[in-house]
Amino acid sequence: NGGDFIFSCLDSILSDADLVVANLEGPITSHDSVSITSKMGDGDNYIFTFPTSTASLLFAHHIKLVNLGNNHILNFNWEGMRSTISNLKDAHVNYFGDPLHQRVAEEEVNGVRLAFINYNEFAPPPSSASTTISQIKRSRSRGLVPIVYTHWGEEYMPATDLEKKLAHAFVDAG
């Protein structure tokens, strides 16, 4: 039924929000999805992409900020991530958490300046907890309110001791 159909039951909720932030769990590329032709449970089942129309679809449905810091953003390597960023910029959708630049997004909502910071357990170096802590401190020193968006852990499992320790370190940093 097309991309607009996916948002049809959410549009009124999303349009009423001051800011909608979403996790973009994969790249936006012109490549065909690998997972669509795979069998459930095999390795290729988790290699997917979104079509290039996705960025403008997000904007049209009030999603103006996305997190790229997740375990699928590099499904089509660095080229796929660069394509994602280019498509988002063209559609005027802001982003943060890309593993290439570790970008922090700044948004102002009702007079409050926010810094959106990502911690991604699955990112390649130089991403690390110390990078996230530095970004929190730098944002705080500039008068922004840091919001840390984590992508970590095993799905449907309780937080580990390490995740709890990192969460406290992020809070302690500001």
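Trainee: In which sense do β1 and strand β2 pair, and over how many bridges?

Mentor: Good place to start. In this predicted model, β1 and β2 (residues 65-67) pair in the parallel sense, and 3 bridges join them. For a residue-level landmark, look at A22: V66 in β2 stands opposite it.

Trainee: What is the strand order of the sheet, and is it open or closed?

Mentor: A good habit is to trace the order, then look for the edges. Here the sheet is open and has 3 strands, in the order β1-β2-β3 with parallel pairing. Its edge strands are β1 (21-23) and β3 (94-96), each of which pairs on one side only. Direction ignored, neighbouring strands of this sheet are turned by 25° against each other on average.

Trainee: Now the largest nonpolar core. Which of its residues touch the most other members?

Mentor: This core has 19 residues, and those touching the most other members are L24, L58, I63, V66, L68 and L88. You have already met V66, opposite A22.

Trainee: Which helices each supply at least two residues of this core?

Mentor: Those are α3 (54-60) and α4 (77-91). The most is given by α4, with 4 residues.

Trainee: What is L88 in contact with, leaving aside its neighbours within four places in sequence?

Mentor: Try displaying its partners together: L88 is in contact with L24, I28, A55, L58, V66, L68, V93 and Y95.

Trainee: How many residues are in the other core, which lies apart from the largest one?

Mentor: That other core has 7 residues, including I117, Y119, A129 and A173.

Technical notes: Residues are numbered from 1 along each chain as its sequence is written. This is a predicted model: local features need pLDDT of at least 70, side-chain atom pairs count only at pLDDT 80 or more; totals for chains, interfaces and linings use all residues. Side-chain values use heavy atoms; hydrogens and water are left out. A nonpolar core is a set of buried Ala, Val, Leu, Ile, Met, Phe, Trp, Tyr and Cys residues joined through side-chain atoms within 4.5 Å. Buried means under 20% relative accessible area, exposed over 50%, partly exposed in between (1.4 Å probe, protein chains only). Contact means heavy atoms within 4.5 Å. Two strands pair if DSSP finds at least two bridges between them. Axes are lines fitted to C-alpha atoms, for helices over the stretch in contact, and angles run from 0 to 180 degrees between N-to-C directions.
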